[in-house]
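Thanks for making the time this morning. I would like to walk you through one model, going from the strands to the helices and then to a pocket, so please have the sequence and the structure open as I talk.

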Amino acid sequence: MSAVEEKLAELGLTLPDVVPPLAAYQPAVQSGVYVYTAGQLPMVDGKLPVTGKVGAEVTPEEAKELARTCALNALAAVKSVVGDLDRIARVVKVVGFVASASDFTGQPAVLNGASELLGEVLGEKGVHARSAVGVAVLPLDAPVEVEVLVELTHA
């Protein structure tokens, strides 16, 4: 077990299976020393635990937890490409999309769920740049979607 997976276990988390693509793309691809994940939905055991807009059907607190799940799914996608999460030199960028009610403006707080999980699991390697974007709707009516760019220690 990698040190990253040991840290996940300490936090009471398990790396899930990679979420299968919903269309014509790969969950993650490597280019040189970088791995780019596709947008990861908060799928758990093949389904969304909740759907709808944040600030309407979904509370910001629920959405923050869903963003954590997205980040966990992103780590699984990275592992599917590189085999060992200990190869992560750092998380470079996180981009998060929040399906938002028209008056909801708390996207950054929702995306803290993903950012905080990466920090808890990877420490300083998990500190990253980030964009938090409010959108009208996401695939499958998911409340949150997160993509991650990581740099590896070697190609």
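Let me begin with a small puzzle: which residue in β5 is the bridge partner of I88? Before I answer, please keep in mind that what we are looking at is a predicted model. The partner of I88 is L152 in β5, and that pair belongs to a longer arrangement, since β3 and β5 run antiparallel and are joined by nine bridges.

If we step back to the whole sheet, five strands make it up, in the order β1-β2-β5-β3-β4, and the sheet is open, with mixed pairing. At its edges are β1, residues 28-31, and β4, residues 129-135, each of which pairs on one side only. On average, with direction ignored, neighbouring strands of this sheet are turned by 15 degrees against each other.

The other partner of β3, which covers residues 88-99, is β4, and here the two strands pair in the parallel sense over seven bridges. Two places are worth finding on your screens: F97 has V133 of β4 as its bridge partner, and V98 stands opposite G134, also in β4. As a general point, side chains in a regular strand alternate between the two faces of the sheet.

After β4 the chain enters the loop that leads to β5, and two residues there deserve a look at their backbone angles. L140 sits in this loop between β4 and β5, with a phi near 60 degrees, which is a positive value in a residue other than glycine. D141 is found in the loop between β4 and β5 as well, and its phi, near 65 degrees, is again positive in a residue that is not glycine.

Now to the helices. Helix α2 lies across β1, β2, β3 and β5, and it runs at about 40 degrees to β5. Helix α3, made of residues 107-122, lies across β3, β4 and β5, and its angle to β4 is about 145 degrees.

Helix α2 also brings us to the largest pocket, whose volume is about 300 Å³. Sixteen residues line this pocket, and those nearest its centre are P16, M43, V44, D45 and N73. Which helix gives the largest share of the lining? That is α2, residues 60-82, with five residues. Sorted by class, the lining holds nine nonpolar, three polar and four charged residues.

Finally, a word on annotation, where I would be cautious: the UniProt record, an unreviewed entry, places the feature "domain: Endoribonuclease L-PSP/chorismate mutase-like" at residues 6-151. In the model, the C-alpha atoms at the ends of that span lie 20 Å apart, and the span is 30% helix and 24% strand.

Terms used: Residues numbered from 1 in each chain as written. Predicted model: local features only at pLDDT ≥ 70, side-chain atom pairs only at ≥ 80, totals over all residues. Heavy atoms only, no water. 1 Å grid on protein atoms, 1.4 Å probe; cavity = no way out; pocket = protein on both sides within 12 Å on 5 of 7 lines; lining within 4 Å. Points joined across faces, edges and corners; volume = space filled by probe spheres on them. Helix = DSSP H or I, 4+ residues; strand = E, 2+ residues; numbered from the N terminus. Nonpolar A, V, L, I, M, F, W, Y, C, P; charged D, E, K, R; others polar. Pairing = 2+ DSSP bridges. Axes fitted to C-alpha atoms, helices over the stretch in contact; angles between N-to-C directions. Contact = heavy atoms within 4.5 Å. UniProt positions renumbered as here; feature names shortened; annotations may be inferred.
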